[in-house]
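Please take a moment to look at the sequence and the model below, and then follow the paragraphs in order. They begin with a term that the reading depends on.

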Amino acid sequence: MKILRNISFGQYIPRESLIHNLDPRIKILSCLAIIISLFLITEFLGYLILGTIIMIGIIISQVHPKFVFRGLRPILFIIIFTLIIHLFMTEGEILYRLGFLKITKEGLIRGLFISCRLFILILTTSLLTLSTSPISLTDGIERLLSFFKFIGMPAHEIAMMMTIALRFIPTLLEETEKIMKAQISRGADFESGNIFNRTKNLIPILIPLFVSAFRRADELAIAMEAKCYRGGEGRTHFRQLKIRMVDILTFVLIGVITVMASVMF
Amino acid sequence: MFICLENVNFTYNLHMPFETKALKDISLNINEGEFIGLIGHTGCGKTTLIQHFNGLLEPTSGKVYVEGLDINERGVNLRLIRQKVGLVFQYPENQLFEETIFQEVAFGPKKLSLSEDKIEKRVREALKMVDLDYNLYAERSPFSLSGGEMRRVALASILSIRPKMLVLDEPTANLDPQGRNKILSEMKAIHDNFGITVILVSHNMEIIAEIVDRLLVMHRGEIILDGPPREIFEKYADDLIKVGLGLPQVTRCMHELRAKGKEIYTGVLTVEDAEKEILDRVRKSNKQLKIKKG
Ligand SMILES: Nc1ncnc2c1ncn2[C@@H]1O[C@H](COP(=O)(O)OP(=O)(O)OP(=O)(O)O)[C@@H](O)[C@H]1O
Ligand SMILES: [Mg+2]
């Protein structure tokens, strides 16, 4: 049961901070800029600069670092895995020999470098989702995507699908937990047995879950029609997005730093 | 003592921003063969509490004993505990998944690795307990049933494990009065005929006050009242009203009479009791009048 509780990646934490109040478009674009430069930079010093920006961002956002770093937990395994792969699989100057395995200097540097990249990548996206409510996030994405409307990008539909998906992730998790508990009470066992049995044991969870998901989808569709929903054409927004001076300044600042970091390192 | 809770506290999302303290220092003893009603306002922690009875939730602090065994100790076989304490969640019809009702009810017994004959015997028995005809229903799909029937199938699928105790979370939610009374009378029969300990969870006083022997009243994560319903209605009516639960209509009627200055016993649960009580009083006072006149 514990597993389901630990999914915190992407959880919004409401606060009144500069970062929270930034325009979501600016936040998304800034994150994109940082991520792109993450892949362009080839030296540690560049990562130091980006890491510092993110740290400053976390401090300004007033979100407790605990929550930011909790988002890292699920991918810690991936980071360690890549580190190990790089340690042993890169050719070069040998630092240490362990049987037929060898650790090379190049491997160590490369591994640490990639780990830093993943680390900053997750921190950046965590900061984005922790400081932006799902609604304004999809709002921002919709607006950004609508630049591409002229090539036929269904911006509103994509955003609506994302909103609904985001909205229902916690509901479905809750539902799953409820069904699991009910089936456990009926004698089901999800913890022992081999892979084959365990997969078979999922049936009592999956069927009720699908039944309820379809029912929910049906109900939602009816509710949307009852409210006269008919797509994005001509639809106005309750919350108007406005670019303010702070937003421009933030974007320029992040833009300049990332471009410089990418060029110099 | 069948189940014993000692100073149980439970907090959802411990150490997280949305921490909710759902149970506060609950101590409770439940004996074999009791018929208990657990009642409380929505969100007071009823569902949270009953999930401690079979180890689905582990208390943040405190101990839970089932038949003297601390169930949250390491190495305890929780599956055995869950055979003894059958938990039926709210809207149990949402957990059905098999192709036929027979398979649905046989799910639990199959997990106990019983023989085919025994499984069939248990399915027959369980369906009988919830008053569904084996021959008519066994081969039907559970998804082709009405809501009330589905709920009874779900109930049967717990009964087929032969639990010693049955805990039902809002068993009558969303049912019409007829379906409601049917489920309740079946629960009563299961308790009376098979000696199974039953706990009914509800937020509606009208429904359970009449049939249970002991009432547990919860409020904001605490058990504030514990005793026979008559006693609670007689002595603690004000507390019940204060926590927003209210009294059954007849009981309220008696309290109103009492408030108007009539000497009357207020711990009644049914209309019949109330009628008897009122007639008794009227006769008595008539007698007194005659004596005075005489
Ligand atoms: N999975 C959960 N995560 C966080 N908080 C929860 C969770 N489940 C319940 N709570 C909270 O714990 C408290 C008790 O909830 P619980 O479900 O036990 O109430 P209840 O008495 O069963 O209510 P109802 O009559 O509505 O079923 C509530 O305040 C609820 O918001
Ligand atoms: Mg409940």
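Buried area is the accessible area, found with a 1.4 Å probe, that two parts lose on being put together, summed over both. With that idea in hand, the reader can turn to this structure, keeping in mind that it is a predicted model.

Chain B is a good place to begin, since it is divided into domain 1, covering residues 3-247, and domain 2, covering residues 248-294. The centres of these two domains of chain B, taken over C-alpha atoms, are separated by 36 Å. Where domain 1 of chain B meets domain 2 of chain B, 11 residues of domain 1 are in contact with 12 residues of domain 2. The area buried between domain 1 and domain 2 of chain B is about 1000 Å², and carbon and sulfur atoms give 63% of it. On the side of domain 1 of chain B, the residues that lose the most area to domain 2 are B:Arg230, B:Glu234 and B:Leu247, which together account for 56% of what that side buries.

One of these residues returns when the charged pairs are considered. Across the interface of domain 1 and domain 2 of chain B the rule finds 1 salt bridge, and B:Arg230 forms a salt bridge with B:Asp273, with the closest N and O atoms 3.2 Å apart. Between the two domains of chain B there are also 3 residue pairs in polar contact, counted where both residues have pLDDT 80 or more. As for the helices involved, α8 (205-209) and α9 (229-235) of chain B each supply at least two residues of the side of domain 1 that touches domain 2. The largest share of that side of domain 1 of chain B, 4 residues, comes from α9(B). Sorted by kind, the residues on the side of domain 1 of chain B that touches domain 2 divide into 6 nonpolar, 1 polar and 4 charged.

The next step is to look at how the two chains meet. The contact takes 25 residues from chain B and 23 residues from chain A. Between them, chain B and chain A bury about 2100 Å², with 58% of it on carbon and sulfur atoms. Of the area that chain B buries against chain A, 23% is supplied by B:Gln95, B:Phe97 and B:Phe107, which is more than any other three residues supply.

Across the interface of chain B and chain A the rule finds 2 salt bridges. A:Arg186 forms a salt bridge with B:Glu104, and in this pair the closest N and O atoms are 2.8 Å apart. The same interface of chain B and chain A has 7 residue pairs in polar contact, again with both residues at pLDDT 80 or more. Three helices of chain B, namely α2 (78-84), α3 (101-111) and α6 (147-159), each supply at least two residues of the side that touches chain A. The largest share of that side of chain B, 4 residues, comes from α3(B). The residues of the side of chain B that touches chain A divide into 13 nonpolar, 8 polar and 4 charged.

Helix α2 of chain B also offers a single residue to examine, for B:Leu78 has its place there. B:Leu78 is partly exposed, because its relative accessible area is 23%, and partly exposed residues are those between the limits of 20% and 50%. Leaving aside residues up to four places away in sequence, B:Leu78 touches B:Asn54, B:Gly55 and B:Ile71. B:Leu78 and B:Asn54 are 24 residues apart in sequence, while their C-alpha atoms are 7.4 Å apart in space.

Chain A can now be considered by itself. Chain A has 12 helices and 2 strands, and read along the sequence these follow the pattern α-α-α-α-α-α-β-β-α-α-α-α-α-α. The C-alpha atoms of chain A fill a box of roughly 65 × 60 × 40 Å, taken along the principal axes. Of the 265 residues in chain A, 38% are buried. Among contacts in chain A between residues at least 6 apart in sequence, 74% join residues at least 24 apart.

A:Asp23 is one residue of chain A to look at, and is found in the loop between α2 (18-21) and α3 (24-40) of that chain. Is A:Asp23 buried or exposed? A:Asp23 counts as buried because its relative accessibility is 4%, and the limit for buried is under 20%. Not counting residues up to four places away in sequence, A:Asp23 touches A:Leu241, A:Lys242, A:Ile243 and A:Asp247.

Technical notes. Residues numbered from 1 in each chain as written. Chains lettered and ligands numbered in written order. Predicted model: local features only at pLDDT ≥ 70, side-chain atom pairs only at ≥ 80, totals over all residues. Heavy atoms only, no water. Domains from an automatic or database assignment. Contact = heavy atoms within 4.5 Å. Salt bridge = Lys/Arg side-chain N within 4 Å of Asp/Glu carboxyl O. Polar contact = N/O pair within 3.5 Å; in protein donor to acceptor, adjacent residues only side chain to side chain. Nonpolar A, V, L, I, M, F, W, Y, C, P; charged D, E, K, R; others polar. Buried < 20%, exposed > 50% of the residue type's maximum accessible area, 1.4 Å probe, protein only.
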